[in-house]
Amino acid sequence: MSNYRVGSGSSQITLEVDINTFGLAASRAIVLNILSNDPETTVGHSLNATGDIPRKDIGSRDFLVGKRLSIMTKIDLLGSLAERKKEAERLTAKYILHQGPDGPLSVSDPMKVIAKDFKTVILYREFDLTL
Amino acid sequence: MKKTICALLSLAILPGIFAQSVNNNVELKQLEVPNSPAFTLADFTPSLIQTPNTPKKFILGVAQSFADAGNAFPKNYSAEFTPYWWLKHSDASVYSLAGLKPQTNNAGNPSAFKQDPFHGLKFTGISIAFLNKDLIPDTIKAEQKMFSVGVRTTVIKLHPKKYYNALAAKISLWHDMALSELMTSPLLAQVAREPDTAKKRKLMENFLLKPSSTYKVAEEINEIILQKPIFSWDVASAFIAYGIGDTAWRKGRFGVWTNLSSFLPIALGDETEARKNYINLNFGVRFVSDNYFKDNKGQVRKANVVDVGGKIALELKGLTIGYEYFNRNGKGVAANETRSIGIISYQISDNLYINGGFGKNFTSNDKLISLLGLKWGLGRETISLPNQ
């Protein structure tokens, strides 16, 4: 997990997700307040099976501060068992946050959970958004 | 159906096995563009082929084979790999895998996909082998050290437009289903609220144990990607160097294969069967330059041989019935050297085939040959699943 300083004000924070896989991928990004039971807010999702979320505004600094940004990607892998195993090991993801007072933050270390038959992989990354 | 075909071919196979033992010059499929040209040019069928997925594993594999031979030339090492998989790709996606090029509309937004006929080039494969074998057809029975290297690629691959439309639509369906699952499942919020990292992982592992709602569509996409093209142009080449003595290396053989193929899908009642049933038309040229060629007078000399011909075949699911004709030209080659052979092949399982050939091969004196045999893919490296 990382912290990302969003500061305060009405200007927008932006998120970009780049999924690098030859499998079929879909992504969703949410923000929620982990200290309350308020439902999560979807702030972004993939537009096609690349799983990428093109750079987009995810909310104002005041809306986001104190919340957790979580991004999950589901990937179904194609091919034989050997091909799926190789791709499960190879695939990567990059997450970039922009417009915070400290500038952009780019990380490429999602939690990777692989099905035992290597058919499906889940990537997960979260950021705590601070003042 | 499968059992009946297996039984009939098994009955037919027995005399074929004995026929094979008296005519070891004949090889099935010897004129096709080979998947592993380094092995084909050396008339070599490896019992184990390493498939390194990183340059480091490849170098370690070669080094290990030298170490196993006591730091001498390896007795038997073969590997094949696709360098594309060794590289990092910033644009990796299922679309680039399937040869779909995204198009944008006037506003610059993604609008449609069109096919990339050259996308097979990036999957160019390389095969190498270190061998000890008597490839020089003289009276001396002595093995030579051999280093063989080959390359194979698909230069052009074309599918009909409806193929790409169907593929793009199916991928879009998969994305809609997967995104809907992510939107409606409580998993993402549960993982986000869970403070313990190990428990986060456990939540996702439990999710993966449930039946997947999307994988059936993924398998359908896989089947579409595996469909044969309506037109393809394949090229392969290989070179062998012979080690004579301890230090001298000589050029042995060089070969180039090229094939133009067309797979015309046919439907037999069920529309979905069109994906597995084809009429295959094939035109091929093979050039082989051999510095140690035994001509029809029995003399060993350098020779260049060109084989030109084609094949027509009916492919019904795993069963292939066809006819292949090739004409051979070259100095020291008789004018009427031709290969005219009927072929039959049945795929019993993913890696097990029964192959047969009946007719006249280039070198058969009695004009008639018959061959039947099993071909199986047990020589590949296996992978194991992690302990459960």
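In this predicted model, three bridges connect S7(A) with strand S8 (residues 105-107) of chain A, and the two run antiparallel. Leu97(A) stands opposite Leu105(A) of S8(A) in this pairing. Strand S7 (residues 92-98) of chain A is also joined to strand S2 (residues 12-20) of chain A, here by seven bridges and again in the antiparallel sense. Leu97(A) appears in this pairing too, standing opposite Leu15(A). The two faces of S7(A) are easy to tell apart: Ala93(A), Tyr95(A) and Leu97(A) form the covered face, while Thr92(A), Lys94(A), Ile96(A) and His98(A) form the uncovered one.

The hairpin of S7(A) and S8(A) has six residues between the strands, and one backbone angle in this loop deserves a second look. Gln99(A), which lies in the loop between S7 and S8 of chain A, has a phi near 80°, a positive value in a residue other than glycine. Most residues other than glycine have a negative phi. Chain A offers a further case in Phe118(A), where phi is near 60°, again positive in a residue other than glycine. Phe118(A) lies in the loop between S9 and S10 of chain A. The surroundings of these residues can be set side by side. Gln99(A) has 16 other C-beta atoms within 10 Å, so Gln99(A) is partly exposed. Phe118(A) has 22 other C-beta atoms within 10 Å and is therefore buried.

Turning to chain A as a whole, the chain has two helices and ten strands, which follow the order β-β-β-β-β-α-β-α-β-β-β-β from the N terminus on. The radius of gyration of chain A is 15 Å, close to the 14 Å that the globule rule gives for 131 residues, so chain A is as compact as a globular protein of that length. The C-alpha trace of chain A spans about 50 × 30 × 25 Å along its principal axes. Of the 131 residues in chain A, 50% are buried. Among the chain A contacts with a separation of 6 or more, 72% are between residues 24 or more positions apart.

Strand S3 of chain A is mostly covered, with eight of its nine residues buried. S3(A) is joined to S6(A) by nine bridges, and these strands run antiparallel. Within this pairing, Arg28(A) has Met72(A) of S6(A) as its bridge partner. S3(A) also pairs with S4(A), over four bridges and in the antiparallel sense. Here Ala29(A) has Gly44(A) of S4(A) as its bridge partner.

These strands lead naturally to the interface. In total, 37 residues of chain A are in contact with 38 residues of chain B. On the chain A side, at least two residues each come from strand S3 (24-32), strand S4 (41-45), strand S6 (68-76), helix H2 (81-90), strand S9 (111-114) and strand S10 (120-130). By class, the residues of chain A that touch chain B comprise 16 nonpolar, eleven polar and ten charged ones.

Which residues touch the most other members of the largest nonpolar core? In this core of 61 residues, they are Leu24(A), Ala29(A) and Trp174(B). Helix H5 (residues 161-184) of chain B contributes the largest share of the core, nine residues. The neighbours of Leu24(A) belong to both chains: leaving aside residues up to four places away in sequence, Leu24(A) touches Ala49(A), Ile75(A) and Asp76(A), as well as Val94(B), Ile171(B), Trp174(B), Ala218(B) and Ile221(B). Another core, of 18 residues, lies apart from this one and includes Tyr77(B), Ala79(B), Met146(B) and Ile240(B).

Helix H5(B) can be checked for its length. At 1.5 Å a residue, its 24 residues should span 34 Å, and the end C-alpha atoms are 35 Å apart, which agrees. The buried residues of H5(B) are Tyr164(B), Leu167(B), Ala168(B), Ile171(B), Trp174(B), His175(B), Met177(B), Ala178(B), Leu179(B) and Leu182(B). Among them, Ile171(B) and Trp174(B) are touched by Leu24(A).

Chain B itself has eight helices and 13 strands. Of its 388 residues, 27% count as buried. For the contacts in chain B with a separation of 6 or more, residues 24 or more positions apart account for 61%.

Methods. Residues are numbered from 1 along each chain as its sequence is written. Chains are lettered from A and ligands numbered from 1 in the order in which they are written. This is a predicted model: local features need pLDDT of at least 70, side-chain atom pairs count only at pLDDT 80 or more; totals for chains, interfaces and linings use all residues. Two residues are in contact if their C-beta atoms, placed from the backbone, lie within 7 Å. Ala, Val, Leu, Ile, Met, Phe, Trp, Tyr, Cys and Pro count as nonpolar, Asp, Glu, Lys and Arg as charged, and the others, Gly among them, as polar. A nonpolar core is a set of buried Ala, Val, Leu, Ile, Met, Phe, Trp, Tyr and Cys residues joined through C-beta atoms within 7 Å. A residue is buried if 20 or more other C-beta atoms lie within 10 Å of its own, exposed if 12 or fewer, and partly exposed in between; C-beta atoms are placed from the backbone. Two strands pair if DSSP finds at least two bridges between them. The expected span of a helix is 1.5 Å times one less than its number of residues. The radius of gyration is taken over C-alpha atoms; the globule rule is 2.2 Å times the number of residues to the power 0.38.
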